[in-house]
Amino acid sequence: MSGITVEPLTAAAFAPYGEVLETEGDPDRIINQGLCGRFHDRATLDIVEGRAGLSLFKAEPRALPLRLEMVERHPQGSQAFMPMSFDPFLVVVAPDKDGGPGTPRAFLTRPGQGINFHRGTWHGVLTPLHEPGLFAVIDRIGEGPNLEEHWFTEPYLVHATA
Ligand SMILES: NC(=O)N[C@@H](O)C(=O)O
Ligand code: NI
């Protein structure tokens, strides 16, 4: 089983796959009588033939090392995972290679970071590592198929250190 070593999530490393939502640095705007920093328009919702919807996911926590058996993608829409707890979670992505996923990469978020997958990005499903596994998810609501799965012939093993 091929191994994948988890990397820290950074906006630069994640850029080919999506955006990182975080409150690093100065806010773009100070609002609410100076009591709130707005980190404005930090990710793009890209929805084809449908609308953006806001859902809640309550997912079972997983543990590392993790068998990565599949990745999926949504050709019709971006998908954002916004944690509702202050815990890191695992984000798996893969480049596209001739219509299928290339070698996956695994990122560990810092508490407070969220992510938005670009439309069509190969990714692992929502993977919390701690209870309560509660996330707000912003993705496409619409008719027609928007899920393509790829099951690896041999799973990868995602682990914390090399
Ligand atoms: N299927 C679903 O709603 N969730 C997945 O797309 C996922 O990435 O977790
Ligand atoms: Ni998904």
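A residue counts as near a molecule if its C-beta atom, placed from the backbone, lies within 6 Å of it. Keep that in mind for the first exercise, and remember throughout that this is a predicted model.

**Exercise 1. The ligand shell**

Work out which residues surround ligand 1, and sort them by class.

*Solution.* Start with the names: Gln79, His123, Val125 and Leu126 surround ligand 1. Next, sort them: the shell has two nonpolar and two polar residues, and no charged ones. Now look at where one of these residues sits. Gln79 falls in strand E8, which covers residues 79-83. His123 turns up again in Exercise 4, as a contact of Val92.

**Exercise 2. The chain as a whole**

Describe the make-up and the overall dimensions of the chain.

*Solution.* First, the secondary structure: you'll find one helix and 17 strands. Second, the radius of gyration is 16 Å, close to the 15 Å that the globule rule gives for 162 residues, so the chain is as compact as a globular protein of that length. Third, the C-alpha trace spans about 55 × 40 × 30 Å along its principal axes. Fourth, burial: 31% of the 162 residues are buried. Last, take the contacts with a separation of 6 or more; 83% of them are between residues 24 or more positions apart.

**Exercise 3. Strand E8 and its partners**

Find the strands that pair with E8, then decide whether Ala80 is buried or exposed.

*Solution.* Begin with the pairing. On E13 (residues 114-117), E8 pairs in the antiparallel sense over three bridges, with Phe81 opposite Ile115. E8 also pairs with E16, again antiparallel, this time over five bridges, and here Pro83 stands opposite Phe135.

Now for burial. Four of the five residues of E8 are buried. Take Ala80, which belongs to this strand. The cut-off for buried is 20 or more other C-beta atoms within 10 Å; Ala80 has 21 such neighbours, so it counts as buried.

Finally, check what Ala80 touches. Neighbours within four places in sequence aside, its contacts are Ala43, Gly114, Ile115, Asn116, Val137, Ile138 and Asp139. Of these, Ile115 has already appeared as the residue opposite Phe81. Leu54 is 26 residues from Ala80 along the chain, and their C-alpha atoms are 9.4 Å apart.

**Exercise 4. The nonpolar core**

Say how many residues the largest nonpolar core has, and which elements build it.

*Solution.* The count is 25 residues, and Val91, Val92, Ile115 and Val158 have the most contacts inside the core. Going element by element, E7 (66-73), E8, E9 (89-94), E12 (105-108), E13, E16 and E17 each give two or more residues. E9 has the largest share, with six. As background, nonpolar side chains tend to be buried together in soluble globular proteins.

Then zoom in on Val92. Not counting residues up to four places away in sequence, it touches Leu68, Val71, Pro104, Ala106, His123, Gly124, Thr127 and Val158. His123 is also part of the shell around ligand 1.

**Exercise 5. Backbone oddities in loops**

Locate the cis peptide bonds at Pro65 and Pro132, and the positive phi angles at Asp41 and Asp98.

*Solution.* Prolines come up front. The bond from Leu64 to Pro65 is cis, with omega near -5°, and Pro65 lies in the loop between E6 (51-58) and E7. Glu131 and Pro132 are also joined by a cis bond, with omega about 10°; Pro132 sits in the loop between E15 (127-128) and E16.

Now the aspartates. Asp41 isn't a glycine, yet its phi is positive, about 55°. You'll find Asp41 in the loop between E5 (36-38) and E6, and it counts as exposed because it has 7 C-beta neighbours inside 10 Å. Asp98 likewise has a positive phi of about 55°. Its loop runs between E10 (96-97) and E11 (100-101), and with 5 other C-beta atoms within 10 Å, Asp98 is exposed.

**Exercise 6. Gly142**

Place Gly142 in the structure and list its contacts.

*Solution.* Gly142 is in the loop between E16 (134-141) and E17 (148-159). It has 15 C-beta neighbours inside 10 Å, so it counts as partly exposed. Neighbours within four places in sequence aside, Gly142 contacts Glu49, Gly50, Arg51 and Gln76. Its C-alpha atom is 8.6 Å from that of Val48, 94 residues away along the chain.

Notes. Residues are numbered from 1 along each chain as its sequence is written. Chains are lettered from A and ligands numbered from 1 in the order in which they are written. This is a predicted model: local features need pLDDT of at least 70, side-chain atom pairs count only at pLDDT 80 or more; totals for chains, interfaces and linings use all residues. Ala, Val, Leu, Ile, Met, Phe, Trp, Tyr, Cys and Pro count as nonpolar, Asp, Glu, Lys and Arg as charged, and the others, Gly among them, as polar. A residue is buried if 20 or more other C-beta atoms lie within 10 Å of its own, exposed if 12 or fewer, and partly exposed in between; C-beta atoms are placed from the backbone. Two residues are in contact if their C-beta atoms, placed from the backbone, lie within 7 Å. Two strands pair if DSSP finds at least two bridges between them. A nonpolar core is a set of buried Ala, Val, Leu, Ile, Met, Phe, Trp, Tyr and Cys residues joined through C-beta atoms within 7 Å. The radius of gyration is taken over C-alpha atoms; the globule rule is 2.2 Å times the number of residues to the power 0.38.
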